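I opened my notebook to look up how the strands and helices of this model fit together. Come along, and keep the structure in view as you read.

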Amino acid sequence: MSSSSFCARFGLTSALALTVLPALAPAQRPASQPSTQRPVTAASSEAAFVPISRAVHGAIDGNRAYRTVEYVQRFFRLPGNRGFDAAIDTVASLLRAAGYVREDGAPASARFVYRIESRPMANPAWTPIGASLTIAGRTKPLQQFSTNLNMIAINSGSTPEGGVTADVVDVGAGGSDQFAAVDVKGKIALSTGDARAVYPRALQAGAIGVLNTQALPSYNQQSKNTTAIRFTSVVRDSGWILYISSATHDSLRAAMKSLNGAPLRVHADVRTLFETRPELTIVAEIRGRTRPAERFVYSAHVQEPGANDNATGVGTQAEMARVAADLVRRGVANPQRTITFLWGDEIRSTDRFLKEDSVRRAAVKWGMSLDMVGENTALTGGTFLIEKMPDPSAVWVRGEDQHTEWGGKPLAEKDIRAYWFNDFVRQRCLDRARQTNWVVKANPFEGGSDHTPFLNAKIPAVLLWHFTDQYYHTDLDRIEMVSASTLANVGACALTTGLLLADGSRAIVLAALDELAGVAEQAIRTQSALSRDTLSRGGNADTEKHIIETWRTYYLDAIDKIGDIAVGPVDLTAAIGRAKARVRAAR
């Protein structure tokens, strides 16, 4: 098709004279303003969705979730270790209080059940107990575990009881040549190099321990957050290694300089445990009334030491399980499909749930990952995001659908997964935003959390999260950075999504179809405006036509899959025909 006919078809009567609407340039919009996306509120979707949506929104309690987050975030959590198991025990207690019973002792008629799965681990579980670093002769530590939860490298050993006092030797980046130039035997090596390489090299040279400072990613704003330390592992060895912040490193260097060549001595106390313990996963389910084998599965990983990452997922999901059970008990909701909640090791627990039982995996309909879902964005930065399963925005990254600083790259067109789930979830979140002025955005697929095992298994799934977060993976990710209202917002839209899809009534299917057609019309109008802007700046007309037609095909194919929601036969032929006609006519 020629450039002129393309312009005529999409209303581009003079492509070079048209510019994109200001609302389509998110970088120019203050971060505090809500997204330009608006919920599609057709009367049919209102009637079908509101009873469950209103009940969930009224029942979800962000303060309850916050209290769980506050407790869980106290622990450095890794599979099998004491902090991880404390979180699992907390969730089990909350489930029992909400009316869930142990699956192995539950009658067949029980709808609310849970189990704790236990698996042997190949290596001993590592638990950090405490640490401090103090310049000899001073009383106040430069760092201590109570305020720098990440200061002990994962897999580090301990100092002798009571700690050690020794000279500090600066080895710079810690290369072989640098170690060869100094004597570190019986001393503590101070390095700015890669800890995984420096640590074994230092021990081989006779050092009794290592102090290592890290260069943090730009989004961690190290020049501002000078006490921040990221958690990182090293190989298990006989020594110990402490991560020190840039502030501590500067203090050590200043102290060394003041001694005019005399050695600086420090006292380091490191206490860790290696124990043979099992890896635990907790699985709670609300059994479906008529189709219990079919599932909507939520997953929140327990490991990692942060408050937002991911004590918020643990606490939010526990509150969702409580509310869901209460609504079913009161007859407000009656899911026909099973709703499953997983708490365990990131990616691995979800992957196992899908792979260990092929029959179970075949009946999993949808998945959702809750990861970093409680942020006080006024403090952490960034915004709430829905990471979508691959749609055309993952191929052509433009408009409001931008990759985060965490990292992402364009996908190939063959990777597009035409489905309606991205938009259904976003609309549920926008429903909540309409009431609370919550900022809701989306990003193209990037991966890296519990949504990926679902997608690898060809199961529709999304990630609910926040980014950019200046405290991500650092020990400044504490409870002060968590918002109870955000926990409630995310929990409400996540649970509403699951309860509606587990219901699967004819009214919900038709409402979802009507809503999807409206979303598709809106998306095509947005893409057309973006193309007008691109053409006004000398873009290629054939390329822009292809992008818009790919989006149109995406939604036409997604409409064909809307019947996946239905429990039982529903004749959608006429309704699908009307929806497709709307999408084909959209400009």
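**Entry 1: a strand and its neighbours.** I started with S14 and S16, which run antiparallel and are joined by five bridges. The model I am reading is a predicted one. I looked for a facing pair and found Thr383 opposite Phe467 in S16.

Then I turned to the other neighbour. S14 covers residues 383-387, and with S15 it pairs in the parallel sense, over four bridges. Here Leu385 stands opposite Lys441 in S15, and Ile386 has Ala442 of S15 as its bridge partner. A reminder to myself: strands of a sheet pair through backbone hydrogen bonds, either parallel or antiparallel.

Is S14 enclosed or open to the outside? I checked its residues, and five of the five are buried, so S14 is largely enclosed by the rest of the structure. The cut-off I used for buried is under 20% relative accessible area.

**Entry 2: the whole sheet.** Next I wrote down the strand order. Nine strands form an open sheet, running S1-S2-S10-S12-S11-S13-S16-S14-S15, with mixed pairing. Which strands stand at the edges? They are S1 (101-102) and S15 (440-443); each has a single partner strand, so one side of each is left without a neighbour in the sheet.

I then looked for helices lying against the sheet. Helix H9, residues 348-355, packs on the sheet and touches S2 (112-119), S10 (279-286), S11 (291-301), S12 (337-344) and S13 (364-370). The direction of H9 makes about 60 degrees with that of S10. Helix H14, residues 484-503, also packs on the sheet, touching S11, S12, S13, S14 and S16 (461-467). The direction of H14 makes about 160 degrees with that of S11.

**Entry 3: helix against helix.** Two packed helices are described by the angle between their axes and the distance between the axes. I looked up both values for two pairs.

My first pair was H12 (residues 421-436) with H15 (residues 506-536): the angle is about 95 degrees and the axes are 10 Å apart. Angles of 65 to 115 degrees count as roughly perpendicular, and H12 and H15 are therefore roughly perpendicular to each other. H12 brings Asp423, Phe424, Gln427 and Arg428 to the contact, while H15 brings Ala512, Glu515, Leu516 and Val519. I sorted the residues of this contact into four nonpolar, one polar and three charged.

My second pair was H15 with H17 (residues 573-585), where the angle is about 10 degrees and the axes are 9 Å apart. Angles under 35 degrees count as roughly parallel, and H15 and H17 are therefore roughly parallel to each other. On the H15 side I noted, among others, Leu510, Leu513, Ala517 and Ile524; on the H17 side, Ala575, Ile576, Ala579, Arg582 and Val583. This contact divides into nine nonpolar, one polar and three charged residues.

**Entry 4: one residue of H15.** I picked out Ser528, which is found in helix H15. Is Ser528 buried or exposed? At 1% relative accessibility, Ser528 counts as buried. I also checked Ser528 against Glu544: the two are 16 residues apart along the chain, and their C-alpha atoms are separated by 8.3 Å.

**Entry 5: cysteines.** Last of all, I asked how many disulfides the structure holds. I found zero. I looked at two cysteines anyway: Cys429 is buried, with a relative accessible area of 0%, and Cys493 is buried with a value of 0% too.

Methods:
Residues numbered from 1 in each chain as written. Predicted model: local features only at pLDDT ≥ 70, side-chain atom pairs only at ≥ 80, totals over all residues. Heavy atoms only, no water. Disulfide = S-S within 2.5 Å. Buried < 20%, exposed > 50% of the residue type's maximum accessible area, 1.4 Å probe, protein only. Axes fitted to C-alpha atoms, helices over the stretch in contact; angles between N-to-C directions. Helix = DSSP H or I, 4+ residues; strand = E, 2+ residues; numbered from the N terminus. Parallel < 35°, antiparallel > 145°, perpendicular 65-115°, else oblique. Contact = heavy atoms within 4.5 Å. Nonpolar A, V, L, I, M, F, W, Y, C, P; charged D, E, K, R; others polar. Pairing = 2+ DSSP bridges.
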